[in-house]
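Thanks for coming, everyone. Please have a look at the sequence and the structure on the screen, and then I will walk you through them one part at a time.

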Amino acid sequence: MRAVTNSPSPARSGVDVVLPCLDEAGALPWVLDRVPAGWRALVVDNGSTDGSAEIARSLGATVVREERRGFGAACHAGLLAATADVVCFCDCDASLDPALLVPFVEEIRAGRADLVLGRRRPQGRGAWPAHARAGNLALSLLLRRRTGLALRDLGPVRAARREALLGLGLTDRRSGYPLQMVVRAADAGWRVTEHDVPYLPRTGDSKVTGTWRGTWQAVRDMSRVLRETPAGERDRTAPGGRR
């Protein structure tokens, strides 16, 4: 198993991948081994008690500490710590392969999209529980009604330019963070694309969608995001300065 390297690669340099982490000791070795050479892995430790931070450091990742609990809090801490032009996000539970983000980054750099999302395709029994899939479908329909985007998934794997993401002024620090990113990007006129990615059974228990209660909390957080005032009624900046 190779350690993550921060040395630049001419073809793949300038990419930071944010990996929000809460007790993912069992998954980290596989995840970090799949981070493309030349990319920097930013493991955001959100209060782990299983040695996740130490494992990440030993494998060459940069560890960011975020004391405030919440998926959005961890993701945003990683975004603030990132310095690369392009930033990717990926779960740290071995359900998604960071290597699959390479074409996402290429699409961003080629100017064909401003935000690229992964549409999860479950691989194997138990990869995506029925209650979680139902909640995702409901939110996708609400998102289409709110923004006009015909997306089929609101999964966490994605890529965009760092400065543009910061310009969205994201405020959610819980489960609504991924959705808020999409809503505000759509309001700002971003080109949003979606591509299939294999979705594997995760290592360990889900902190969000592992139960009906967790799924309901996530849906409630995201429903609140969908009730936000449209960005057309507040200041916004699109990627590259487009208004």
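Let me begin with one residue: does Asp23 count as buried, partly exposed or exposed? Its relative accessibility is 31%, and because the partly exposed class runs between 20% and 50%, that is where Asp23 falls. Please keep in mind that this is a predicted model, so every value I give you is computed from it. Asp23 sits in the loop that connects strand E1 with helix H1, and although it is not a glycine, its phi is positive, at about 55 degrees.

A second residue invites the same kind of look, namely Ala94, which is found in the loop between strand E4 and helix H4, residues 102-109. Ala94 is not a glycine either, yet it has a positive phi of about 70 degrees. Its relative accessibility is 9%, and since anything under 20% is called buried, Ala94 counts as buried.

Now to the overall picture. The chain has 243 residues, of which 54% count as buried, and its secondary structure amounts to 8 helices and 7 strands. If we take the contacts between residues at least 6 apart in sequence, 77% of them join residues that are at least 24 apart.

Turning to the sheet, the 7 strands form an open sheet with mixed pairing, and reading across it the order is E3-E2-E1-E4-E6-E5-E7. Which strands stand at the edges? They are E3, residues 62-65, and E7, residues 192-199, and because each has a single partner strand, one side of each is left without a neighbour in the sheet. On average, neighbouring strands in this sheet are turned by 25 degrees against each other, if direction is ignored.

Let me take the E3 end of that order next. Strand E2, residues 40-45, runs parallel to E3, and the two are joined by 4 bridges; among the facing residues are Asp45, opposite Arg65 in E3, and Val44, opposite Val64 in E3. The chain gets from E2 to E3 by way of helix H2, residues 52-58, in a β-α-β crossover that is right-handed. With E1, strand E2 pairs in the parallel sense over 6 bridges, and here Asp16 stands opposite Arg40 in E2. E1, helix H1 (residues 28-33) and E2 likewise make up a β-α-β unit, which is right-handed. As for its surroundings, E2 has 5 of its 6 residues buried, so the strand is largely enclosed by the rest of the structure.

What about the helix that follows? Helix H3, residues 71-81, packs on the sheet and touches E1, E2, E3 and E4, with its direction at about 155 degrees to that of E1. How many of the 11 residues of H3 are buried? The number is 8, so H3 is largely enclosed by the rest of the structure. Those residues include Cys75, His76 and Leu79, and the buried residues of H3 pack not just against E1, E2, E3 and E4 but also against helix H6 (162-167) and helix H7 (177-187).

At the other end of the order, strand E5 is mostly covered, with 6 of its 8 residues buried. E5 runs antiparallel to E6, to which 3 bridges join it, and Leu117 has Arg158 in E6 as its bridge partner. With E7, by contrast, E5 runs parallel, and there are 8 bridges between them; Arg119 stands opposite Asp196 in E7.

My last stop is the second largest pocket, whose volume is about 220 Å³. Its lining consists of 14 residues, and those lying nearest its centre are Asn136, Leu137, Ser140, Arg152 and Asp153. Which element supplies the largest share of that lining? Helix H5 does, with 6 residues, while E5, residues 115-122, is also a contributor of at least two.

Between H5 (130-147) and E6 (158-161) there is a loop, and Ala150 lies in it. Leaving aside residues up to four places away in sequence, Ala150 touches Arg144 and Glu194. The C-alpha atoms of Ala150 and Thr193 are 9.7 Å apart, although 43 residues separate them along the chain.

Note on methods: Residues are numbered from 1 along each chain as its sequence is written. This is a predicted model: local features need pLDDT of at least 70, side-chain atom pairs count only at pLDDT 80 or more; totals for chains, interfaces and linings use all residues. Side-chain values use heavy atoms; hydrogens and water are left out. Two strands pair if DSSP finds at least two bridges between them. Axes are lines fitted to C-alpha atoms, for helices over the stretch in contact, and angles run from 0 to 180 degrees between N-to-C directions. Contact means heavy atoms within 4.5 Å. Buried means under 20% relative accessible area, exposed over 50%, partly exposed in between (1.4 Å probe, protein chains only). A crossover is right-handed if, with the strands pointing away from the viewer, the path from the first strand over the helix to the second runs clockwise. On a 1 Å grid over the protein atoms alone, a cavity is a set of points where a 1.4 Å probe fits but cannot get out, and a pocket is an open set with protein on both sides within 12 Å along at least five of seven lines; lining residues have an atom within 4 Å of a point. Grid points are joined across faces, edges and corners, and a volume is the space filled by probe spheres set on the points.
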